[in-house]
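Subject: Structure handover

Hello,

Here is the structure I promised to pass on. Please open it first, then read my notes below.

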Amino acid sequence: MTHRIILFRGMNTGGVRAPVDKQRAMAEAMGLKNPRTLLASGNLVVESGKTPAVLEADIEAAMEKTFGLKIAAMVRTSEQWSDLIAANPFPAEAAAHPAKVLAMVMKDGIKPGALEACRELAEGGEAVEAVNGVLYFWFPNGQGQSGIFKKATPRMLGMGTGRNWNTVLKLVEMAGAEV
């Protein structure tokens with residue numbers, strides 16, 4: 001069994017609610033070991049021998065059954081998460097301003113043309129890069145002020161969920177992975 005990092009898309013936004021204590025109980029009922037949550041924003045770390053794809057399907061079905069939520073889940077191994085960290089094209093920015101760097105983990109890949117579309121929306125020094133199926137964003141003025149963030153949608157990018165660099169690092173720590 002190894003650690004699995006589970007990210008839920010849109011948790012605690014737009015009325016999508018699932019209390020973290022109940023998420024942990026759901027994970028235990030599924031036979032997942034040592035479930036831990038980070039914040040109340042859709043971050044769950046478990047121990048499981050299931051492949052990420054199988055666990056994604058299982059966790060999505062359990063979320064619907066338990067909470068009545070049709071919610072996308074992205075599952076990564078601790079090794080994949082370490083690779084995501086190593087691939088960050090904005091390491092200096094992440095070290096200096098971790099809340100302003102975001103990694104968007106994609107469910108089924110980045111849509112063709114998404115990177116170019118984001119670059120066209122960038123303003124005020126914003127930058128975006130795609131590495132190994134992850135979109136990395138640098139928001140020097142904050143995500144809330146971003147032209148990209150205000151206009152980029154799953155229809156343009158593909159289905160994914162973003163985490164700021166503080167959360168990315170806390171999740172790797174929870175999964176006990178090497179950085």
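Start with the hairpin of β6 and β7. In this predicted model, β6 (residues 127-131) and β7 (residues 134-138) run antiparallel and are joined by five bridges. One bridge partner pair is alanine 130 with leucine 135 in β7. Two residues lie between the strands of this hairpin. There, asparagine 132 takes a positive phi near 50°.

The hairpin belongs to a sheet. That open sheet has four strands in the order β6-β7-β5-β8, with antiparallel pairing. Its edge strands are β6 and β8 (160-164), and each of them pairs on one side only. From one strand to the next, the twist averages 20°. β5 and β8 run antiparallel and are joined by five bridges. Here alanine 103 has arginine 163, in β8, as its bridge partner.

Two helices to look at on this sheet are α5 and α8. Helix α5 (residues 114-121) packs on the sheet and touches β6 and β7. The direction of α5 makes about 170° with that of β6. α8 also packs on the sheet, where it touches β5, β7 and β8. The direction of α8 makes about 90° with that of β8.

Now the other sheet. This open sheet of four strands has the order β2-β3-β1-β4, again with antiparallel pairing. β2 (33-37) and β4 stand at the edges with a single partner strand each, so one side of each has no neighbour in the sheet. The twist here averages 20° from one strand to the next. β1 and β4 run antiparallel, with five bridges joining them. Phenylalanine 8 has alanine 73, in β4, as its bridge partner.

Helices pack here too. α3 packs on this sheet and touches β1 and β4. The direction of α3 makes about 90° with that of β4. α8 packs on this sheet as well, touching β1, β2 and β3 (43-48). The direction of α8 makes about 25° with that of β3.

Which residues of α3 are buried? They are Ser78, Trp81, Ser82, Leu84 and Ile85. Seen down the axis of α3, the buried residues fall within an arc of 155°, so they line one face of the helix. On the other side of α3, Asp83 and Ala86 are exposed. The buried residues of α3 pack against β1, β4 (73-77), β5, β7 and α8.

Next, the loop between α3 (78-86) and α4 (91-96), where asparagine 88 is found. Is asparagine 88 buried or exposed? Its relative accessibility is 7%. Buried means under 20%, so asparagine 88 counts as buried. Leaving out residues up to four places away in sequence, asparagine 88 touches Ala94, Val101, Tyr136 and Trp165.

Tyrosine 136 has a list of its own. Setting aside neighbours within four places in sequence, its contacts include Leu84, Ala87, Asn88, Pro89 and Phe90. Leu102, Ala103, Val131 and Trp165 are also among them.

On to the cores. The largest nonpolar core has 22 residues. Those with the most contacts inside it are Trp81, Leu84, Tyr136 and Trp165. β1 (2-8), α3, β5 (101-106), β7 and α8 (165-174) each supply at least two residues of this core. α8 gives the most, with four residues. Another core lies apart from this one and has 17 residues. Phe8, Met11, Leu44 and Ile59 are among its members. In soluble globular proteins, nonpolar side chains tend to be buried together.

Last, the chain as a whole. The chain has eight helices and eight strands. Of its 179 residues, 44% count as buried. A compact globule with 179 residues would have a radius of gyration near 16 Å, and the chain agrees, with 16 Å. Along the principal axes, the C-alpha atoms fill a box of roughly 45 × 35 × 25 Å. Among contacts with a separation of 6 or more, 70% are between residues 24 or more positions apart.

Over to you.

Best wishes

Technical notes: Residues are numbered from 1 along each chain as its sequence is written. This is a predicted model: local features need pLDDT of at least 70, side-chain atom pairs count only at pLDDT 80 or more; totals for chains, interfaces and linings use all residues. Side-chain values use heavy atoms; hydrogens and water are left out. Two strands pair if DSSP finds at least two bridges between them. Buried means under 20% relative accessible area, exposed over 50%, partly exposed in between (1.4 Å probe, protein chains only). Contact means heavy atoms within 4.5 Å. A nonpolar core is a set of buried Ala, Val, Leu, Ile, Met, Phe, Trp, Tyr and Cys residues joined through side-chain atoms within 4.5 Å. Axes are lines fitted to C-alpha atoms, for helices over the stretch in contact, and angles run from 0 to 180 degrees between N-to-C directions. The arc is that of the directions from the helix axis to the C-beta atoms. The radius of gyration is taken over C-alpha atoms; the globule rule is 2.2 Å times the number of residues to the power 0.38.
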